[in-house]
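Reader: I'd like to learn how to read backbone angles and helix packing in a model. Can you walk me through it with an example?

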Amino acid sequence: MNALVYSTCFADSSSLSDAALAYSKLIQHLAVYKGYKDAFAALKIAEEKFMCVSKSRILIVKLQLLHEWALHRGHLKLAQQFCDELEVLASSVTGVDMELKTEASVRNARTLLAAKQYTQAAAVAHSLFCTCYKFNMQVKNATVLLLLAEIHKKIKNNFALPLLAILLFHFSPFSSTSSLPAGSLFHICSFSPGNQYSSNFATSLIRKEGELNFLNP
């Protein structure tokens with residue numbers, strides 16, 4: 001609700017970009033706590049108010065909202081279409097927006113998961129994990145690990161709990177280290193025989209010799 005207060009009280013002094021951001025936060029808040037009807041009503045107002053300015057920001061929020069609504073209703077083809085549109089926005093002529101590209105990939109994996117295409121969902125999430133690790137996107141990496149755990153829970157193999165253990169280990173306030181010995185990581189990430197995807201993922205986790213600086217704060 002802070003976004004609503006901000007956009008109302010400081011409408012004259014704030015820039016249109018800041019106001020658009022406030023409306024974006026408000027729309028996201030309404031979607032979570034009030035439902036899609038109120039969120040779409042706020043989105044309509046925002047689209048009219050910021051018709052010429054910050055179009056990309058409002059468009060991103062619109063696609064996010066539409067994707068969540070489509071996923072909630074089980075309209076998976078439509079949800080995938082919105083994912084594709086988000087990915088296009090992430091790769092503009094001015095460069096690649098890694099945050100948005102990552103979010104589009106997360107949404108893509110969730111759409112595949114909802115469609116019970118577990119192998120494809122795992123492949124997308126695995127690729128995304130590698131990207132987040134490469135660019136040191138630690139918060140997104142945590143999101144991807146939770147997603148991978150969810151996928152493997154659906155597959156019903158023994159990988160979900162080790163993933164959660166790794167995540168909890170590195171974000172625990174009682175943890176005295178930010179890295180795991182490669183041998184220990186390989187041990188807790190032992191997978192079912194014949195699971196080639198899981199084996200490849202384990203190998204990627206321990207690729208760095210010695211210790212894996214994993215989710216460094």
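Author: Sure, let's start with Asn136, which sits in the loop between α7 and α8 (138–155); helices are DSSP runs of H or I with at least four residues, numbered from the N terminus. This is a predicted model, where local features need pLDDT of at least 70 and side-chain atom pairs 80 or more, while totals for chains, interfaces and linings use all residues. Residues are numbered from 1 along each chain as its sequence is written, and side-chain values use heavy atoms, without hydrogens or water.

Reader: What is phi of Asn136 near?

Author: Most residues other than glycine have a negative phi. Phi of Asn136, though, is positive, near 60 degrees. Lys116, in the loop between α6 (98–114) and α7 (118–134), also has a positive phi, near 65 degrees.

Reader: Is Asn136 buried or exposed?

Author: Exposed means over 50% relative accessible area, buried under 20%, partly exposed in between (1.4 Å probe, protein chains only). Asn136 has 52%, so it counts as exposed. Lys116 is exposed too, at 63%.

Reader: At what angle do the axes of α7 and α8 cross?

Author: Axes are lines fitted to C-alpha atoms over the stretch in contact, with angles from 0 to 180 degrees between N-to-C directions. The axes of α7 and α8 cross at roughly 160 degrees and come within 9 Å. The two helices are therefore roughly antiparallel (over 145 degrees).

Reader: Which residues make the contact?

Author: Contact means heavy atoms within 4.5 Å. Among them are Ala125 and Phe129 of α7, and Leu148 and Ile151 of α8.

Definitions and conventions:
Angles under 35 degrees count as roughly parallel, over 145 as roughly antiparallel, 65 to 115 as roughly perpendicular and the rest as oblique.
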